[in-house]
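Here are a few short exercises to work through. Try each one yourself before you read its solution.

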Amino acid sequence: MDNIYLIMIVALAFLAVADLVVGVSNDAVNFLNSAIGSKAISFRTIMIVASVGIALGAIFSSGMMEVARKGIFNPSEFYFNEIMFIFMAVMITDILLLDFFNTLGMPTSTTVSIVFELLGASVAMSLIKIGVDNGSFGDVVNYINTSKATEIILGILLSVVVAFSVGALVQWVSRLLLSYDFEKKAKWVGALFGGFALSAITYFILIKGIGGTSFAEQSFDLIGTLTIQEFLETRAWWLVILNFVLWSLISYSLMTLAKVNIYKLIIGVGTFALALAFAGNDLVNFIGVPIAAWQSYEAWQASGELATEFGMGVLASKVPTPTVLLFISGMVMVATLWFSKKARYVTDTEINLAREGEGKERFQPNFLSRSIVRLTIGISEATQAILPSSLNQKLAVRFKKPVIVLARDKTYEKPAFDMVRAAVNLMVAGVLISIATSYKLPLSTTYVTFMVAMGSSLADKAWGAESAVYRVAGVLNVIGGWFGTAIIAFVASGVILALISFGKGAAIAVLLFAAVLILARNYISYSKKSKEIKAEDSLQKAESSSIQGVIEESADNISNVIKRSKKIYTNSINGLAKHDLNLLKKNKKQGAKLSAEIDELRDHIFYFIKNLDEASVGASNFYISILGLLTDITQSLEYIGKVSHKHVHNNHKKLKYNQIKELKEIDHKLEEIFSNTKQAFDERSFKQIGKVLENKQELFDLVSQKIEKQVARTRTEESSPKNTTLYFSLLLETKDLMKVVIDLLETYYQEYDGTIIPAKIME
């Protein structure tokens, strides 16, 4: 039986590595977003700065490990075997929970997850012990540190409200002072902003990065008996003032003498600071539990007592974590930061919600987001009505955004937001976390950084009338996920603890095997999805400013649409022939996806027209016509995919052999036209379009013949109304699809050839 605990220690070591990977993938959003979103510095530089911060923070994180040992439960109330069960349940739950959120691309708090997992497992273990001893439910308070759990919950609520409000206020004031032409302001303005921001970030590094670590407990000989931690807390104002003066002078010197962009410096230092604090204080969330388990195992081995009789009061004493383990953990975190694709996915979520201007929205609006936006608009209008018109005009000038100018270089990607907002995000997050730490208040770095970014986006008017409901819905989704994290963590860890407690070694083996399978499945599924997205032919927005350029660019999109249309149509026919519901379900989704991409191109028309040369405005008519025809194509494909799926999904009779044969015949002919069309556009051999158009009547005659045959069958032998309805729907929609494709080819050929082509096929 004793060997099971050694096996558990080994298993916990592997779980610690896995937890580091999924944890960093989730928390990278905290310190990467501002720098990545603003594009102030290169991605490689961002990663190097963040890596150095993580490595240093990990080495100084020993003091924070006490949270896992005694922060949530009273260790003296449990025996060694019970503590090991708690730790095992916590780690299994934590990995699965964080990986779940990473796969969704939703940032959550590793601090809250580990706290509520410890709380859930401890409560479950306490209830089991109370049940065995026939005790009272109220005795749970003897086992659990209830005051700590209450502080965490209040910390969540406060961090959401305070961070959002302060972030919005500071960004509004900063934009009011600096405007969008901040780089043209006098150097002393930038120097003062740099002094304020860098002094705040430096104080954050001292308080959050170093404070709470074992290094902070060392005495500061210059001032007698005070430790470094006590010195930082009691001399806070002097440190802030001295830092402000010093950094203001340094900023002015760098801007004047070395021509340094002070905003880039702020973003670089801020990224380092948040990465340092993340590793120094959040490392406990990933390896604190396994280290506590290992130290418990050592103490139990030394005691010589039975696992069921050895009390764990030893965990209440402070035991330093070996530096080598901290170093190894730091290296794992750095490696994950560089290679984890999920970290980039989670980062994209916040950047997209905070970005300036319009774009593809990931979240759909809901009743609550619409209500909040309406209320906000009402408050804004009422405020403007109260303020003098002269003041409103002055404010409007300060918040006037640059004119939209699209770069002709397609490799250029516009930053999600400017350097002022990035600097404010880093500065405010650092200040709030520093203040909370100095007052010993529990605060999630994820919640603070995310809500500051959302608040600054709102104040910066990044959420316009076209995007506000989507962005607010996204924020509500993320906040809902945070509270869901706490609930799921508490319940899941409690359930897993119960299974382990009753099933012992067998239950642990099954749970570990299940965890490995789930992680592997998620990884394979995510990798497959990523490869599909990467390999998939996505439609490209028009960037050219001339009619010739638009013709050239749209050719790629037409080739893409034709290729995917051929596949969608063929799969619809094959799915009906085989009565394959899965194929039809996937095919229906592909049709909807193609339609959504066409809608995105239509949403881009505004920017396309803005980018046109004065002499090429006529290109807009051609481009809009092409988009309209592509929309009609996708609508026909969507309808065909929908009715095919509905027929099989409702378990209606299969189409008859002759019907399938005729549909296959049409599909074969349509596939031939699609293939020739795609080849023409791929090779830019537009004369081939004329050859395709020469055979258009043959295709229309073929469909008309099939319609006549079905009419005859219906009058004599057809007995299924559903089959008849489906078949006619497919034929008529196919005819509409072909008309649109021919119209598309004629429109393109006419623009290319410059001649009048034969009249279009009549209805």
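**Exercise 1.** In which helix of the protein is confidence lowest, and in which is it highest?

Solution. Keep in mind that this is a predicted model. Start at the low end: helix α3, residues 66–71, has the lowest confidence, with a mean of 57. Now go to the high end, and you land on helix α5, residues 110–132, at 85. For the whole protein, the average pLDDT is 77, and 78% of the residues score at least 70.

**Exercise 2.** Find how many contacts beyond four places in sequence the model has for residues 406–412, where pLDDT stays under 50. Then do likewise for residues 754–763.

Solution. For residues 406–412, the model has 11 such contacts. For residues 754–763, where pLDDT also stays under 50, there are 15.

**Exercise 3.** Which side chain meets K129 in a salt bridge, and what parts does the pair tie together?

Solution. The partner is E82, with 3.1 Å from N to O. Next, place both residues: K129 sits in helix α5 and E82 in helix α4 (residues 80–104), so the pair links parts 47 residues apart in sequence. The count of salt bridges comes to 7.

**Exercise 4.** Work out which residues make the nonpolar surface patch of about 520 Å², and which helix gives the largest share.

Solution. List the members: L154, L157, L158, V161, V162 and F483. Helix α7 (residues 146–178) supplies the largest share, 5 residues. L154 is in helix α7.

**Exercise 5.** Which residues form a positive surface patch?

Solution. Look for K588, K642, K646 and K722. To place K722, go to helix α26, residues 721–753.

Technical notes. Residues numbered from 1 in each chain as written. Predicted model: local features only at pLDDT ≥ 70, side-chain atom pairs only at ≥ 80, totals over all residues. Heavy atoms only, no water. Patch = residues over 30% accessible without salt bridge, like charges linked within 9 Å, V, L, I, M, F, W, Y side chains within 5 Å. Areas by Shrake-Rupley, 256 points an atom, 1.4 Å probe, with all protein chains shown as cover. Salt bridge = Lys/Arg side-chain N within 4 Å of Asp/Glu carboxyl O. Lys, Arg positive; Asp, Glu negative; His and termini not counted. Charge placed at Lys NZ, Arg CZ, Asp CG, Glu CD. Helix = DSSP H or I, 4+ residues; strand = E, 2+ residues; numbered from the N terminus. pLDDT = per-residue confidence, 0-100. Contact = heavy atoms within 4.5 Å.
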